[in-house]
Amino acid sequence: MIDFREDQPRWQQVAQVIRERITAGTYRPASRVPSENDLMQEFGIARMTAHKVMRALREEGAIYTVRGMGSFVSPPDTTAPSEA
């Protein structure tokens, strides 16, 4: 569990932790991310909060969900201009 700040909704704080884990390589492209149940247990949050986390990450393209299989880290954005 993390210490939640009062100035930001819990779902945003948990989503930020997942984003940081993706950026750090803890969750690599195409690897499975925790389920809503896993988030509930790890962070001590309600199901609706976990659902908001997953929905936000899907909407921003950080993860994708395969019905019946789970949610996975999206591949890196190959449309972004590369730094030369």
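Helix H1 covers residues 10–24, and its length works out as it should: at 1.5 Å a residue, its 15 residues ought to span 21 Å, and the end C-alpha atoms do sit 21 Å apart, so expectation and model agree. The model in question is a predicted one. Right after H1 comes Gly25, whose phi is positive, at about 90°.

H1 has a buried set made up of Gln13, Val14, Ala15, Val17, Ile18 and Ile22. What do these residues pack against? Their partners are helices H2 (36–43) and H3 (47–59), along with strands E1 (63–66) and E2 (70–73). Val14 is a handy example: leaving aside residues up to four places away in sequence, Val14 touches Phe4, Leu39, Phe43, Ile45 and Val53.

Val14 turns up again in the largest nonpolar core, which has 18 residues. Together with Ile22, Leu39, Phe43, Ile45, Leu57 and Ile63, Val14 belongs to the group that touches the most other members. Each of H1, H2 and H3 puts at least two residues into this core, and H1 provides the largest share, five residues. As a general matter, nonpolar side chains in soluble globular proteins tend to be buried together.

Zooming out, the fold has three helices and two strands, and reading from the N terminus the order is α-α-α-β-β. The C-alpha trace spans about 40 × 35 × 20 Å along its principal axes. The protein has 84 residues, and 30% of them count as buried. As for who touches whom along the chain, take the contacts with a separation of 6 or more: 47% of these come from residues 24 or more positions apart.

That leaves the empty space. The largest pocket holds about 170 Å³. Its lining consists of 15 residues, and those nearest the centre of the pocket are Ser35, Met54, Thr65, Gly70 and Ser71. H3, E1 and E2 are the elements that give two or more residues to this lining, with H3 giving the most, three residues. In chemical terms the lining is a mix: five of its residues are nonpolar, six are polar and four are charged. H3 thus features in both parts of the picture, as a supplier of at least two residues to the nonpolar core and as a contributor of three residues to the pocket lining. Strands E1 and E2, for their part, pack against the buried residues of H1 and also help line the largest pocket.

How values were computed:
Residues numbered from 1 in each chain as written. Predicted model: local features only at pLDDT ≥ 70, side-chain atom pairs only at ≥ 80, totals over all residues. Heavy atoms only, no water. Helix = DSSP H or I, 4+ residues; strand = E, 2+ residues; numbered from the N terminus. Expected span 1.5 Å × (residues − 1). Buried < 20%, exposed > 50% of the residue type's maximum accessible area, 1.4 Å probe, protein only. Contact = heavy atoms within 4.5 Å. Core = buried A, V, L, I, M, F, W, Y, C linked by side-chain atoms within 4.5 Å. 1 Å grid on protein atoms, 1.4 Å probe; cavity = no way out; pocket = protein on both sides within 12 Å on 5 of 7 lines; lining within 4 Å. Points joined across faces, edges and corners; volume = space filled by probe spheres on them. Nonpolar A, V, L, I, M, F, W, Y, C, P; charged D, E, K, R; others polar.
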